[in-house]
Amino acid sequence: MYADRIARIVVAVNVAYESDPEQAREMLIAAAKAQDTVLKIPAPLVLFSEFGDWALKFQLICFVDDALMAERIRSELNFDVYRRMREAGLRIAYPK
């Protein structure tokens, strides 16, 4: 967190191996851009962080200008990401 109240939000998502990683990235970026409270500069970013044992692991990183609202915005992002994943047919992976 910075002195000017800007806060970073990280949303981690595990996607099944049969999923298209480019589709996952586009969906995550779209979810961030749909939130009015997410800053446009710096732009939201998706990192393909790991080939996990059971999932492709991604991190959506974005910034908001009110650190006090960061957790609430993260929650809204989580709801939206889950909805978008279901609509796109992307499966959230979990250990078996």
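A residue counts as buried when its relative accessible area is under 20%. The model analysed here is predicted. By that cut-off, the buried residues of helix H1 are Ala24, Met27, Leu28, Ile29, Ala31 and Ala32. These residues pack against strands S1, S2 and S3 and against helix H2. H1 itself runs from 21 to 34. Its 14 residues should span 20 Å at 1.5 Å a residue, and its end C-alpha atoms are 20 Å apart, which agrees.

H1 also has a leading part in the nonpolar core. The largest such core has 25 residues. H1 gives the largest share, 6 residues. Strand S1 (7–15), strand S3 (56–64) and helix H2 (70–88) each supply at least two residues as well. Ile9, Leu28 and Leu77 have the most contacts inside the core. In soluble globular proteins, nonpolar side chains tend to be buried together.

Ile9 illustrates how the core is joined. Residues up to four places away in sequence are not counted here. Beyond them, Ile9 touches Leu60, Ile61, Cys62, Val64, Ala70, Ile73, Arg74 and Leu77. Ile9 belongs to an alternating pattern along S1. Ala7, Ile9, Val11, Val13 and Val15 point to one face and are buried. Arg8, Val10, Ala12 and Asn14 point to the other face and are not buried.

The strands are paired as follows. S1 and S3 run antiparallel and are joined by 9 bridges. Within this pairing, Val11 of S1 has Leu60 of S3 as its bridge partner. Strand S2 (45–51) also runs antiparallel to S3, with 6 bridges between the two. Here Val46 stands opposite Leu60 in S3. Leu60 is thus named in both pairings, with Val11 and with Val46. S2 and S3 are joined by a hairpin through 4 residues.

Aromatic side chains form a further group. The count comes to 2 aromatic pairs. In one of them, Phe48 and Phe51 are tilted, with 4.9 Å from centre to centre and 45° between the planes. Phe48 is partly exposed, at a relative accessible area of 36%. Phe51 has a relative accessible area of 62%, so it counts as exposed, the cut-off being over 50%. Phe48, Phe51 and Phe58 form one aromatic cluster.

Helix H2 has 19 residues. From first C-alpha to last it reaches 26 Å, close to the 27 Å expected at 1.5 Å a residue. Its buried residues are Ala70, Ile73, Leu77, Asp80, Val81 and Met85. They cover an arc of only 135° around the axis, so they lie on the same side of H2. This buried set packs against S1, H1 and S3. Two of its members, Ala70 and Ile73, are among the residues that Ile9 touches. The other side of H2 carries exposed residues: Glu71, Arg72, Phe79, Arg86 and Glu87. Just after the helix, Gly89 takes a positive phi of about 75°.

The loops hold several further features. Gln35 sits in the loop between H1 and S2. With a relative accessible area of 15%, Gln35 is buried, because the limit is under 20%. Gln35 touches Glu76 and Leu77, leaving aside residues up to four places away in sequence. Leu77 is one of the buried residues of H2, and it is also touched by Ile9. Pro42 is found in the loop between H1 and S2 too. The peptide bond from Ile41 to Pro42 is cis, with omega near -5°.

Leu68 lies in the loop between S3 and H2. Its relative accessibility is 68%, so Leu68 counts as exposed. Leu68 and Arg5 are 63 residues apart in sequence. In space, their C-alpha atoms are 8.0 Å apart.

How values were computed. Residues are numbered from 1 along each chain as its sequence is written. This is a predicted model: local features need pLDDT of at least 70, side-chain atom pairs count only at pLDDT 80 or more; totals for chains, interfaces and linings use all residues. Side-chain values use heavy atoms; hydrogens and water are left out. A nonpolar core is a set of buried Ala, Val, Leu, Ile, Met, Phe, Trp, Tyr and Cys residues joined through side-chain atoms within 4.5 Å. Buried means under 20% relative accessible area, exposed over 50%, partly exposed in between (1.4 Å probe, protein chains only). Contact means heavy atoms within 4.5 Å. Rings of Phe, Tyr and Trp (its six-membered ring) pair if their centres lie within 6.5 Å; planes under 30 degrees apart count as stacked, over 60 as edge-to-face and the rest as tilted. Two strands pair if DSSP finds at least two bridges between them. The expected span of a helix is 1.5 Å times one less than its number of residues. The arc is that of the directions from the helix axis to the C-beta atoms.
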